[in-house]
Amino acid sequence: MPGYDIYEVTNTPYFDATPEKIQFKVSVKNNEFLPLKLCDVCYAVILNGDQWSFQSGNLEKLNEGPILSGFEKEYIIDGPDIHLLSDSRFVYLFLNGVPTSIDNVGNITQKDNFEWYFDCSFVKMESNEQIHYSYEPTPVYTEKCPNCNGTGLDPETIECERCGGKGSFVNRFDGKTYKCPECNGTGIVHDVCKTCNGTGVKSYPKSQMPPATNIITWSGWVVKVNTIPSGATIKSMNSKTGQYDIQSCTTPCKIDWFCTDSISCPIIVEYNGQSVQVLPYTADGKELSSITIDFSSGKPIVKKGQKTN
Ligand SMILES: [Zn+2]
Ligand SMILES: [Zn+2]
């Protein structure tokens, strides 16, 4: 493919849990002889002491149609983001006001509460994955030839051989004087530019960097930013401008994080007037694919990541 360079793209496997939220599967069986309606049932999910807000959609699910006598129905209740879990935390699910008995005409005669405690512990999963490489064409970087300034001609002038530098010659047959077509009457000619071989452009394959006086190498990876509670603003370094940009998404959110060896570029996370600067590394310098900051006490506490301010 002329004008294109084939370069290598590395695809490193990335792992994440699905679904992104903790889910509880609650099954309710109707042992009464009349249909059971679950409307007015409330629930709470408590994660390590913090009550996690309800989602109205979940309650609507509980209110969807009655359960017929002798039948069982399963409900999925969404809990907090799975990234908020950590070892030795507990999750508490509380169902409040579930009808457990009805009279002959269907009036509720008894309501009960149901609660479950779950301990969190992490299980390490290992998987052998390969890094895949693909090869993609990209236009070759070109610039104007610096030797001939894009003309394709060697700047050095040489005397026109055809007219001997005079710019004209006398025809032997008719004795008239003609302008020299070789040098267009100037008496001088140029060789083809040796730098660009007469094309006027210099091209650099992608794999070969054009000469530069100052090279900055940015490196980075995808980082998921989690906060307690969610909805914090993220600022991160833009590798194209070298300036901090406010990300359009709020936490939890995945961003492309970039940094260079010469400058410090922590991710700035801001919530409720509080700000913290965090690098996606562990204390002993291992790369992290996510960081977590707890703002629930009013002061930012970095639960996962390296605090830099
Ligand atoms: Zn040239
Ligand atoms: Zn000439």
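In the predicted model, the zinc ion (ligand 2) is held by four sulfur donors, namely the SG atoms of Cys-160, Cys-163, Cys-180 and Cys-183, at distances of 2.2 to 2.3 Å. The angles subtended by these 4 donor atoms range from 101 to 122 degrees, and the arrangement around the zinc ion (ligand 2) is therefore tetrahedral, given that four donors are counted as such if all angles lie between 85 and 135 degrees. Along the chain, the donors of this ion are spaced according to the pattern C-x2-C-x16-C-x2-C. Distant parts of the chain are linked by the pair Cys-163 and Cys-180, which lie 17 residues apart: Cys-163 belongs to the loop between strand S10 (153-159) and strand S11 (168-170), whereas Cys-180 belongs to the loop between strand S12 (177-179) and strand S13 (188-192). Cys-163 and Cys-180 are both buried.

Elsewhere in the description of the fold, an open sheet is formed by 4 strands in the order S18-S15-S21-S22, and the pairing within this sheet is mixed. Because strand S18 (253-259) and strand S22 (301-304) each have a single partner strand, they stand at the edges, and one side of each is left without a neighbour in the sheet. From one strand to the next, the twist averages 35 degrees. Within this order, strand S15 (residues 219-228) pairs with strand S21 (residues 290-294) in the parallel sense, the pairing extending over 5 bridges; Lys-224 is placed opposite Ser-290, a residue of S21.

Notes:
Residues are numbered from 1 along each chain as its sequence is written. Chains are lettered from A and ligands numbered from 1 in the order in which they are written. This is a predicted model: local features need pLDDT of at least 70, side-chain atom pairs count only at pLDDT 80 or more; totals for chains, interfaces and linings use all residues. Side-chain values use heavy atoms; hydrogens and water are left out. Two strands pair if DSSP finds at least two bridges between them. Helices (H or I, at least four residues) and strands (E, at least two) are DSSP runs, numbered from the N terminus. Axes are lines fitted to C-alpha atoms, for helices over the stretch in contact, and angles run from 0 to 180 degrees between N-to-C directions. Donors are N, O and S atoms within 2.8 Å of the metal (3.2 Å for Na, K and Ca); water is not among the atoms, so sites may look incomplete. Four donors count as tetrahedral if all angles lie between 85 and 135 degrees; four count as square planar and six as octahedral if opposite donors are over 155 degrees apart and all others between 65 and 115; anything else is irregular. Buried means under 20% relative accessible area, exposed over 50%, partly exposed in between (1.4 Å probe, protein chains only).
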